[in-house]
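Here are my notes on the model, set out as numbered points that can be checked against the coordinates one at a time.

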Amino acid sequence: MLYIKCPHCGMRPQIEFSYGGDATVKRPELNKEISDQEWDDFVYNRKSLRGKHLELWQHLSGCRQWIKVERDTATHEIFKTFKANEEVA
Amino acid sequence: MSQISALANVHTTGQFGDYGGKNENDLLKISENKNLLIVQIVQYKDSKTLFENINIDGLKLKNEALSVVCNNDTRILWNAPNNWLLVSKKLSLMKNILDEFKDTDFAVTDLSHSRAIIEIEGKDVKEVLKKGCPFNFDILEKNNSVNSTYNGIAFTVDMLDDNPNKVRLFSLRSFGESLYHSITDASLEFGFKSI
């Protein structure tokens, strides 16, 4: 079983978490004119990377907080986890 | 006010499972606890109030994972950052809680009627929990609590004692019967006394 270190609770099994998608996607700035393509990219279009990936997960059956997880999509190795408001270098 | 049992349809007293030839004191003891005040306390994100200054039944909130602050009647379980579950035998404590936690800074919700509570006592308690939950219960000490899932059912474990092990399990009231079945099924191999 995959174990994820929640930055709030500590090491927990993956079944307590829910996957929340790509954590690198930024919402377009408010009140800024954007093209349909930019909006499409924000809402739908995702890269399907093989390798290190920054993801959002929610600790649904634990503290219910959203967190960021740096994970290898090929090996499932988890490198680091961050609080949702933490900036990732 | 006595609360209506969440497990009345499933909880029957007696000895079950592999209890033959064992000392009654060695059996797991499973019971329902239904007369507790359960209150969820959440501090709003924009609140500037220092929760450390608030005193409830002689206890102060602690924002630390797994932590439980307690006295003989009341236990305050850490649920999440700035989120606690207060469990008390003193049903009259609610007024005091509402006075202390101002509604401009805290969301206070009485969950007393929406939880099923199962208590298990005995040396094999952690083995029963491990059967349905992949959390490492070996690190759980007296006065620790944890939120997790047991056979897919979200539940909260409050470690009341460690000699012998005694835990209190909380689940949503509507999942209470399912959790009870899962726990008692897992307890069969050790033999248990339902009280």
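1. Read along the sequence, chain A follows the order β-β-β-α-β-β-β, which amounts to one helix and six strands. Please keep in mind throughout that this is a predicted model.

2. As to the overall dimensions of chain A, its C-alpha atoms fill a box of roughly 45 × 25 × 25 Å when this is taken along the principal axes. Of the 89 residues of chain A, 18% count as buried. Among the contacts in chain A with a separation of 6 or more, 49% are accounted for by residues that stand 24 or more positions apart.

3. Turning to strand pairing, strand E4 of chain A, which covers residues 52-58, pairs with strand E5 of chain A, residues 66-72, in the antiparallel sense, and seven bridges join the two. Within this pairing, A:Glu55 has A:Val69 of E5(A) as its bridge partner.

4. E5(A) also pairs with strand E6 of chain A, residues 78-83, again in the antiparallel sense but here over five bridges, and A:Lys68 is found opposite A:Phe82 of E6(A). The two strands E5(A) and E6(A) form a hairpin, with five residues lying between them. In that turn, A:His76 has a positive phi of about 65°, and a reader who checks the backbone may wish to look at this residue.

5. In chain B, I would single out B:Val87, which is found in strand E8 of that chain, residues 83-88. Is B:Val87 buried or exposed? B:Val87 counts as buried because 26 C-beta neighbours lie inside 10 Å, where the cut-off for a buried residue is 20 or more.

6. The surroundings of B:Val87 can be described further: leaving aside neighbours within four places in sequence, B:Val87 is in contact with B:Leu36, B:Ile38, B:Arg75 and B:Leu77. The C-alpha atoms of B:Val87 and B:Leu111 are separated by 9.7 Å, although these residues are 24 apart along the chain.

7. My last point concerns the contact between the two chains, to which chain A gives 13 residues and chain B gives 10 residues. On the side of chain B that touches chain A, strand E7 (74-80) and strand E11 (145-150) of chain B each supply at least two residues, and E11(B) gives the most, with three residues. By residue class, this side of chain B divides into six nonpolar and four polar residues, with no charged residue among them.

Terms used:
Residues are numbered from 1 along each chain as its sequence is written. Chains are lettered from A and ligands numbered from 1 in the order in which they are written. This is a predicted model: local features need pLDDT of at least 70, side-chain atom pairs count only at pLDDT 80 or more; totals for chains, interfaces and linings use all residues. Two strands pair if DSSP finds at least two bridges between them. Helices (H or I, at least four residues) and strands (E, at least two) are DSSP runs, numbered from the N terminus. A residue is buried if 20 or more other C-beta atoms lie within 10 Å of its own, exposed if 12 or fewer, and partly exposed in between; C-beta atoms are placed from the backbone. Two residues are in contact if their C-beta atoms, placed from the backbone, lie within 7 Å. Ala, Val, Leu, Ile, Met, Phe, Trp, Tyr, Cys and Pro count as nonpolar, Asp, Glu, Lys and Arg as charged, and the others, Gly among them, as polar.
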